[in-house]
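Student: I would like a close look at a single part of this model. Please take me through the metal site and what surrounds it.

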Amino acid sequence: MIRACIFDLDGVIVDTAKYHYKAWKRLANELGFEFTEEDNERLKGVSRMTSLEILLEIGNKKGEYTEDEKLKLATKKNEWYREYITKMEKDEILPGVEGFLELLRQNGVKIAIGSASKNAKTILERIGLIDKFDAIVDGTKITKAKPDPQVFTKAADEMNEKYEDCVVFEDSQAGIDAALAAGMKAIAVGKPENLKNAHKIISGFKNKDFELLMFD
Ligand code: BG6
Ligand code: MG
C-alpha cells in the first residue's frame, strides 16, 4: 500500500526548466555557440556540473576549460538562474498540484521532495510550499546524482517509510530510473515518448484523484 509520495521539484511542482534553459542558453551564447530547447531536454534531472559538461559537449568545447574555470562558468549560470527564480510567484505552481497535495494529506499519505537542485528550498519558499512537506531532500543533502536512488531512499528514510510503500513523481528519465532502482513505484509526469518504464504516466495533476495511487 502506498504510504508516501516523493515529488521531484523542477518540472513536476513548477516549470523551472524554462529558467534553467534561459540561463544555460545565455552561457552558451556568451561562449559563442547556440543551445536549443531540444538540447535542454538532455539537462533535465541532471546535476549542475554534469549539465555544464553536456553543454560544453554540445558546443564542441569539451576539454577547453580547467576544473576551476568550469566551476566559475557553472556559478555564473546559477547566478542568472537565481535572478529568475527569486522572482517566482505562487501562481507558477503547476495546475492541480496544490489540490493533489491536499488530497494526499487528507488521506494520511506523507509527502516529500526529492530533487537534485541546490536551489530547491529557495523555490519552495517563493511559491509558499516550504512548510507542506514531511521531508525535503535536495541537492545539498546528497552525494550521488539521479539515476542513483539516494535522493529518494533518503526521503523515504526521513519519513520512516519502506521503499516499496513509496511512489515517486518524476519528469526525467534519470529520475524514473532512480525511483525504480530504489524499489519504489514511479509515475512519470510528461510525454510517453520521453519517459520509459514508469508504472504510470500522467500529463499533470489536474483532476487527479486517489485512484492514481492504486497499482495492480
Ligand atoms: C534538477 C533539474 O532538478 O536540478 C536540472 O532538472 C538541474 O536541470 C538540477 O541541473 C540541479 O539544479 P541546481 O538548481 O542545483 O543547479
Ligand atoms: Mg525534474
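**The metal site and its surroundings**

Tutor: Aspartate 10 has a relative accessible area of 16%, so it counts as buried, the limit being under 20%. Keep in mind that this is a predicted model. Aspartate 10 sits in the loop between β1 and α1. Its contacts, leaving aside neighbours within four places in sequence, are Thr16, His20, Tyr81, Ser115, Ser117, Ile123 and Asp171. One side-chain pairing stands out for a closer check. The side chain of aspartate 10 makes a polar contact with the side chain of threonine 16, at 2.3 Å.

Now take aspartate 8. The loop between β1 (4-7) and α1 (17-31) holds this residue. Aspartate 8 is buried because its relative accessibility is 5%, and the limit is under 20%. Not counting residues up to four places away in sequence, aspartate 8 touches Ile13, Gly114, Ser115, Lys146, Phe169, Glu170 and Asp171. With lysine 146 there is a polar contact, side chain to side chain, at 3.1 Å. The UniProt record, an unreviewed entry, places the feature "active site" at Asp8 and Asp10.

Next, the metal itself. Which protein residues are donors of the magnesium ion (ligand 2)? They are Asp8 (OD), Asp10 (O) and Asp171 (OD), and they lie 2.0 to 2.1 Å from the ion. Note the atoms: OD for Asp8 and Asp171, but O for Asp10. Along the sequence, the donor residues are spaced D-x1-D-x160-D. The site therefore brings distant parts of the chain together: aspartate 8 is in the loop between β1 and α1, aspartate 171 is in the loop between β4 and α8, and the two are 163 residues apart. Aspartate 171 is buried too, because its relative accessibility is 13%, against a limit of under 20%.

Step back to the sheet. It is open and has six strands, in the order β3-β2-β1-β4-β5-β6, with parallel pairing. Its edge strands are β3 (135-137) and β6 (200-202), each pairing on one side only. From one strand to the next, the twist averages 20°. β1 runs parallel to β2 (residues 110-114), and four bridges join them. In this pairing, isoleucine 6 stands opposite alanine 112 of β2.

Helices pack on this sheet. One of them is α5 (residues 97-106), which touches β1, β2 and β4 (166-170). The direction of α5 makes about 155° with that of β1. Another is α8 (residues 173-181), which touches β4 and β5 (185-189). The direction of α8 makes about 170° with that of β5.

Finish with α8, which comes after the loop of aspartate 171. Ala174, Gly175, Ile176, Ala178 and Ala179 are buried in this helix. The cover over the buried residues of α8 includes α7 (150-159), β4 and β5. After α8 comes glycine 183, with a positive phi near 80°.

Note on methods
Residues numbered from 1 in each chain as written. Chains lettered and ligands numbered in written order. Predicted model: local features only at pLDDT ≥ 70, side-chain atom pairs only at ≥ 80, totals over all residues. Heavy atoms only, no water. UniProt positions renumbered as here; feature names shortened; annotations may be inferred. Buried < 20%, exposed > 50% of the residue type's maximum accessible area, 1.4 Å probe, protein only. Contact = heavy atoms within 4.5 Å. Polar contact = N/O pair within 3.5 Å; in protein donor to acceptor, adjacent residues only side chain to side chain. Pairing = 2+ DSSP bridges. Axes fitted to C-alpha atoms, helices over the stretch in contact; angles between N-to-C directions. Donors = N, O, S within 2.8 Å, 3.2 Å for Na, K, Ca; no water.
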